[in-house]
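Good morning, colleagues. Please bring the sequence and the structure up on the screen, and I shall begin with a question about one side chain.

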Amino acid sequence: MEPRRAAQRDAQRGAGAERVAPRHVDRIAGARLQGGRVVDVDIVDGVVVAVTDAGTTPTRGGPTGGESVIDARGYMVLTAPAEPHAHLDKALSWGATRPPGCDLGAAIDAWRAYAATVDEDEIHARALAAARKLVANGTTAVRSHVDLHDDHDPLRGVRALVRVRDELAGVMDLQISVMVNEVDPSDRARAAIAAGADLIGGAPHISTDPVAETNRLVDLAEELDTGIDLHVDEFLDGDHAMLEVFTDRVATWPAGQIRTAGHCCRIGSLDGAGQSRAAGALSRADVGVVTLPITNLYLQGRAGCTSVPRGLPPVRALLETDVTVAAGADNVRDPFNPVGRSDATETAMLLIVAAHLDMDTAWQLVTGGAREVMGLPPAGPSPGLRADLLLVRAGGLDDVIADAPPDRIVLRAGCVVAEREVLVVVDPGVALLDDQAPTTHPRTPTYEETR
């Protein structure tokens, strides 16, 4: 999040907001890095300060008696995922809406019909449950889009997500991008930013005049001194001329000011020359692209029966053109996508299958790439980086992505914010290795249990 928005947000927080008290960690001992090296990771003030061979005393002195150490034998230590494109206000609403299998237009209609019936507390309960599940699975930073409502209380979704952000301030960085529709007057968008939203967002490609709406949203972001995150060309055929307008308008923005294009499905159905032009425009304008495989594989390509497109942008071509690319889960169990686990391992798996990425690149898109698109400082198990880390009981990254192991410990800024292991029932005649000792941790509550 840009510093100016973060400062304004912190000033708006109420003194009585609920806070979580995570457990501070000084050292992670005996964890395996992606390359296979087994190391100790030392953390000071939320930053990794040393990564040494396991059992080596670091030059800074290292933890002594009474300091907090995680015995991570049998675990991998990875950069914690970030979710660059969520819709927490819609999450977990599938059970109430249950539309038939649908394309984007039908999903929008189903959501709008349901959204007219919900209040702030209902949105808050679902969003909080979905956010907690993300944290439990390893995600420590989320950018969520939120709808404005065209009725007597248009800001109820924004207020609900601001509440979630305050309640989870100790365990998650939450950015809020307000979805400004063409029917929303500009004053409504201004009120949303004043109420705590961080970014201007929207989906101009579904407007009656995509070019005019794109310009209006960029104008608002410039007026309000925010970043912008737009849904861009979430379709496969035709051309709304939105991408060129968007990249031209933000190309002169200062370095570091957030400018993000989500979906970009249409680029994937262009020929090679068209893909090259689009990638070049995105790169020159420093626009980060977020691909959303699970939702776009579900929504797109329903009209065709042969040579059905995948609904994704050409991720490898974008990376080769130095476009910053991230990947997210988008919708989770709502009219736009009835499935989803709120787990970055699922997104990484789909990138390997649908975008033909290798494992390391797929994991980078849901971790470092996502943080870069979100304007967050780099994180990971390397000296000088923020200690947003995910420990997973696994032998390698292939195990993490393929198996989605349940045993996980999640650190944000060097503090444990979630930990989970399955209860293992062992035959008393079978000896266990030291790093296989069964342990139980509190499980994540279900949505129904949080209500």
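Is Glu 419 buried, partly exposed or exposed? Glu 419 is partly exposed, with a relative accessible area of 24%; here buried means under 20% relative accessible area, exposed means over 50%, and partly exposed lies in between, with a 1.4 Å probe and protein chains only.

Let me state the basis of the values. This is a predicted model, in which local features need pLDDT of at least 70 and side-chain atom pairs count only at pLDDT 80 or more, while totals for chains, interfaces and linings use all residues. Residues are numbered from 1 along each chain as its sequence is written, and side-chain values use heavy atoms, with hydrogens and water left out.

I turn to the salt bridges. A salt bridge is a side-chain nitrogen of Lys or Arg within 4 Å of a carboxyl oxygen of Asp or Glu, and the whole structure contains 27 of them. Glu 419 pairs in this way with Arg 23, their closest N and O atoms lying 3.3 Å apart. This pair links distant parts of the chain, 396 residues apart: Glu 419 belongs to strand S17 (residues 415–420) and Arg 23 to strand S1 (residues 23–24). Helices (H or I, at least four residues) and strands (E, at least two) are DSSP runs, numbered from the N terminus. Arg 23 is also partly exposed, at 40% relative accessible area.

A second pair joins Arg 163 and Glu 120, with 3.0 Å between the closest N and O atoms. Arg 163 sits in helix H5 (residues 156–167) and Glu 120 in helix H4, 43 residues apart. Arg 163 is partly exposed at 27%, whereas Glu 120 is buried at 18%. Both residues take part in a network of salt bridges with Asp 121, Asp 153 and Arg 159.

The third pair is Asp 388 with Arg 371, at 3.3 Å from N to O. Asp 388 lies in the loop between helix H14 (368–373) and strand S15 (389–393), and Arg 371 in helix H14, so the salt bridge ties together parts 17 residues apart in sequence. Asp 388 is buried, with 0% relative accessible area, and Arg 371 is buried at 1%.

Next, the interior. A nonpolar core is a set of buried Ala, Val, Leu, Ile, Met, Phe, Trp, Tyr and Cys residues joined through side-chain atoms within 4.5 Å. The largest has 89 residues, and those with the most contacts inside it include Leu 88, Met 172 and Trp 363. Helix H4 (residues 120–137) supplies the largest share of this core, 7 residues. Apart from this core lies another, of 19 residues, including Val 41 and Ile 409.

Now to the strands, where two strands pair if DSSP finds at least two bridges between them. Strand S12 (residues 259–263) runs parallel to S13, joined by 3 bridges. Thr 260 has Gly 288 in S13 as its bridge partner. On the other pairing, 3 bridges join S13 to the parallel strand S14 (residues 325–327), with Thr 291 opposite Ala 327.

Finally, confidence. pLDDT is the predictor's confidence in each residue, from 0 to 100. The chain has a mean of 86, and 82% of its residues reach 70 or more. Residues 7–20 fall below 50, and residues 435–450 stay under 50. Where pLDDT is low, the predicted coordinates should not be read in detail.

Note on methods:
Contact means heavy atoms within 4.5 Å.
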